[in-house]
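Student: Could you take me through this structure, one short question at a time?

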Amino acid sequence: SLILTNNFVTPREMFFTVENGAFRLAEGIFIADWLLKDTVTDAGYTESSLDRDDQSKISSRPQVSFTISVDVKGVRKLLIIFLPILIAIFLSMFSYVASYKNPTQRQILSTASISAITGYRFVIENLLPPVGYFTTTDYFFIFMLLVAFFNFVFQTIFVWHQNQASQLSPEAQASAMHFLRIVNTVTFLIVSCIIVVGMGYIIVAM
């Protein structure tokens, strides 16, 4: 919205007269990745309180606003931003179904996802406008980074316990590995549910 305010007169001395049809954008204007929806004009006045304790001390000024409504044009940029992070999380979740006989693979998958998400953040910064508040992309990035970090910590602890179990007797080792498999499966289901719920919440917030 473009807002014009006259601070030197009161609404009794003058007022703005605007027509929505007179507010137009140039035909050759180009707005990258955005689609023009509508233009709206409105006129009135704004009030400023001069004394919080005395509501009668209010200053009024005439004001007019010109609003440009735009919408996202296509999903190209959304896919560029969100799809690589989702793929990185998929790799992190794949560590839960990796072979128990290859603990190194489980750690590599969980570690690589953190590196990929953190590194891709620098790419996202170049695609987004600089703002001083948290955007949906910021919440999405933080949420996925926390999930990837949890997967890394879990796989590190899991591999450590797996190495400890390998030093036990065959009977104790079988019992310990059965317990670890149950913990791995339950954790996988819980993390999957958290991702689905979190994604749904973020989509609704958008």
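Tutor: We will go through rings, the core, some single residues and a pocket.
This is a predicted model, where local features need pLDDT of at least 70, side-chain atom pairs count only at pLDDT 80 or more, and totals for chains, interfaces and linings use all residues. Residues are numbered from 1 along each chain as its sequence is written, and side-chain values use heavy atoms, with hydrogens and water left out.

Student: How many aromatic pairs does the structure hold?
Tutor: Rings of Phe, Tyr and Trp (its six-membered ring) pair if their centres lie within 6.5 Å; planes under 30 degrees apart count as stacked, over 60 as edge-to-face and the rest as tilted. By that rule, the number of aromatic pairs in the structure is 7.

Student: Is the F90 and F94 pair stacked, edge-to-face or tilted?
Tutor: Helices here are DSSP runs (H or I, at least four residues), numbered from the N terminus. F90 and F94 sit 4 residues apart in helix α1 (residues 76–94), so about one helical turn separates them. Their centres are 6.3 Å apart, and with 35° between the planes the pair is tilted.

Student: Which is exposed and which is partly exposed, F90 or F94?
Tutor: Buried means under 20% relative accessible area, exposed over 50%, and partly exposed in between (1.4 Å probe, protein chains only). F94 has 37%, so F94 is partly exposed. F90 has 54%, so the exposed residue is F90.

Student: Which element gives the largest share of the largest nonpolar core?
Tutor: A nonpolar core is a set of buried Ala, Val, Leu, Ile, Met, Phe, Trp, Tyr and Cys residues joined through side-chain atoms within 4.5 Å. The largest one has 26 residues. Two or more residues come from each of α1, α2 (103–127), α3 (136–165) and α4 (170–205). The largest share, 9 residues, is given by α3.

Student: Which residues does F140 touch, leaving out those up to four places away in sequence?
Tutor: F140 is among the core residues that touch the most other members. Contact means heavy atoms within 4.5 Å. Beyond four places in sequence, F140 touches F82, I85, L86, M199 and I202.

Student: Why does N184 count as buried?
Tutor: N184 lies in helix α4. Beyond four places in sequence, N184 touches Y96, Y100, R106, F154, Q155 and F158. N184 counts as buried because its relative accessible area is 3%.

Student: What is the relative accessibility of S110?
Tutor: S110 is in helix α2. Leaving aside neighbours within four places, S110 contacts S92, S95, A148, N151, F152 and Q155. S110 counts as buried, with a relative accessibility of 0%.

Student: Is D138 buried or exposed?
Tutor: D138 is found in helix α3. Neighbours within four places aside, D138 is in contact with R121 and Y133. Its relative accessible area is 11%, so D138 is buried.

Student: How many charged residues line the second largest pocket?
Tutor: On a 1 Å grid over the protein atoms alone, a pocket is an open set of points where a 1.4 Å probe fits, with protein on both sides within 12 Å along at least five of seven lines; lining residues have an atom within 4 Å of a point. The lining of the second largest pocket includes R24, W34 and T39. Asp, Glu, Lys and Arg count as charged; Ala, Val, Leu, Ile, Met, Phe, Trp, Tyr, Cys and Pro as nonpolar; the others, Gly among them, as polar. The lining has 8 nonpolar residues, 1 polar, and a charged count of 3.
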